Amino acid sequence: MSDESTVKSKMTQSVGVLVCIPAYNAESTISEAIKRCQKFADLVLVINDGSSDNTEFLAKEAGADVISHKQNRGYGAAIKTGLIEGLKKNAKVTITFDADLQHDENDIPKLVKPIIDDTTDIVIGSRFIQKNDDVKNYRKFGIKLITVLVNLFMNTHISDAESGLRAYSIDSLKELVPVLETEGMGMSSEILLKSSVCKLKILEIPRKEMYPDGVKTSSKNPLKHGLSVVFTIIKLIIENKPLKAFGIPSVIFFAISIISALNVIDFYNTVGRLPLGLTIFTVLLLSTAFFFSLAAMLLYVLSRLATRINFNLRTK
Ligand SMILES: Nc1nc2c(ncn2[C@@H]2O[C@H](COP(=O)(O)OP(=O)(O)O)[C@@H](O)[C@H]2O)c(=O)[nH]1
Ligand SMILES: [Mg+2]
């Protein structure tokens, strides 16, 4: 990677548990986050995403490996850099852990165990498996909305699509790393979608969410954050699940146009002429249904082709 520099690397070849902390201007919490993770990790790696504060210096001082992006590229880019390192270091388990002390380091062993036991490929620390009053209501609403959208279109059955506390087996990284693209906050959803496409097993375990006093626990405005995730999900659905994305609206429009057409016929039989407004409405509905089904089929064929080309390139 040309715009990244590995500042420090104390590891040789293979690691047991690698904890990756994406960090952007996190000087107030990064040292403490590293210290907490070191209890449970063989190596802590901070991905300093173009911070303009002391994050890089403090992370090195606390004993972490640091990779710095020259510019701020976003949460997703930092996560990808971390997962690439997991792959390079052949880490048995790669964990992602937030820099702002919202995660509880005591959850790390619970994430590691199912992967070491080989019962799953990915473990997600979920805030919603058990009743949880820690999470603020507006966040709960946004996260649940995103989770419903992800489950509906991506063949997953998860309760917390937005959790940043996750663990990955080395085999899951081999599948995921080459196909991840999102640079921003939508990365959490992209990982779920691509895991479902790659047929990776996902397990959720309950986790706590913490709101430490005096810490800014969200770097982005919640509305902006939510919208950027939703836009990413829509883009991912259109690219990866075109049959569902366009097929479902096509069926809905077609069903309404049939009802509308029956009314047109009924009107014609009784009055002896076509109802102008309703007829135009029916034709528009039918055209829309036709357009959506055409888009569904064309994009489906294209996405199958892209998957096949991608597969051939990877197996060459
Ligand atoms: N690398 C990188 N990390 C970020 C960026 N924005 C946030 N983070 C980190 O991502 C984690 C989650 O971000 P946060 O804003 O707390 O998300 P929230 O808790 O879901 O509202 C934290 O560890 C942040 O330090 C960014 O632009 N780049
Ligand atoms: Mg946070």
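This is a short walk through one protein and its ligand, as told at a group meeting.

Hi everyone, and thanks for coming. A word on conventions: the model is predicted, local features need pLDDT of at least 70, side-chain atom pairs count only at pLDDT 80 or more, and totals for chains, interfaces and linings use all residues. Residues are numbered from 1 along each chain as its sequence is written, chains are lettered from A and ligands numbered from 1 in the order in which they are written, and side-chain values use heavy atoms, with hydrogens and water left out.

Let me begin with the overall picture. The protein has ten helices and eight strands; here helices (H or I, at least four residues) and strands (E, at least two) are DSSP runs, numbered from the N terminus. Along its principal axes, the C-alpha trace spans about 85 × 50 × 40 Å. Of the 316 residues, 47% are buried. By buried I mean under 20% relative accessible area, with exposed being over 50% and partly exposed in between (1.4 Å probe, protein chains only).

Now for the ligand. Where does ligand 1 sit? Ligand 1 occupies the largest pocket. For the method people: on a 1 Å grid over the protein atoms alone, a pocket is an open set of points with protein on both sides within 12 Å along at least five of seven lines, whereas a cavity is a set where a 1.4 Å probe fits but cannot get out; lining residues have an atom within 4 Å of a point. A molecule sits in one of these if more than half of its atoms lie within 2 Å of its grid points.

There are 19 residues around ligand 1, and those that come nearest are Asp 49, Ala 99, Asp 100, Ser 218 and Ser 219; a residue is near if one of its heavy atoms lies within 4 Å. By class, this shell holds seven nonpolar, seven polar and five charged residues. In that scheme Ala, Val, Leu, Ile, Met, Phe, Trp, Tyr, Cys and Pro count as nonpolar, Asp, Glu, Lys and Arg as charged, and the others, Gly among them, as polar. Strand β2 (17–23) and helix α3 (75–88) each give at least two residues to the shell.

Which polar groups reach the oxygen atoms of ligand 1? A polar side-chain atom of Asp 100 is 2.7 Å from a ligand oxygen. A side-chain N or O atom of Gln 102 lies 2.9 Å from an oxygen of ligand 1, and for Thr 217 a backbone N or O atom is 2.8 Å from a ligand oxygen. Taken alone, ligand 1 exposes 560 Å², and the protein buries 92% of that. Those areas come from the Shrake-Rupley method with a 1.4 Å probe; for residues, only the protein chains shown count as cover.

Next, some backbone details. Leu 101 has a positive phi near 65° although it is not glycine. Leu 101 lies in the loop between β5 (93–96) and α4 (108–116), and it counts as buried because its relative accessibility is 9%. Asn 25 also has a positive phi, near 45°, and is placed in the loop between β2 and α1 (30–38). Is Asn 25 buried or partly exposed? At 32% relative accessibility, Asn 25 is partly exposed.

On to the interior. Ten of the eleven residues of helix α7 (187–197) are buried, so this helix is largely enclosed by the rest of the structure. Among the buried ones are Glu 190 and Lys 194. Just after α7, Lys 199 takes a positive phi of about 60°.

Two more buried residues make polar contacts, meaning a pair of N or O atoms within 3.5 Å; within protein, one must be able to donate a hydrogen and the other to accept it, and residues adjacent in sequence count only if both atoms are side-chain atoms. Thr 55, in helix α2 (55–61), has a relative accessible area of 0%, and its side chain contacts that of Asp 53 at 2.6 Å. Ser 163 sits in the loop between α5 (137–154) and β7 (166–169) and is also at 0%. The side chain of Ser 163 reaches the backbone nitrogen of Leu 165 at 3.3 Å and the side chain of Arg 207 at 3.2 Å.

Finally, a look at the span. Leu 274, in the loop between α9 (242–271) and α10 (276–315), is partly exposed at 48%. Leu 274 and Thr 120 are 154 residues apart in sequence and 61 Å apart in space, C-alpha to C-alpha. Thanks for listening!
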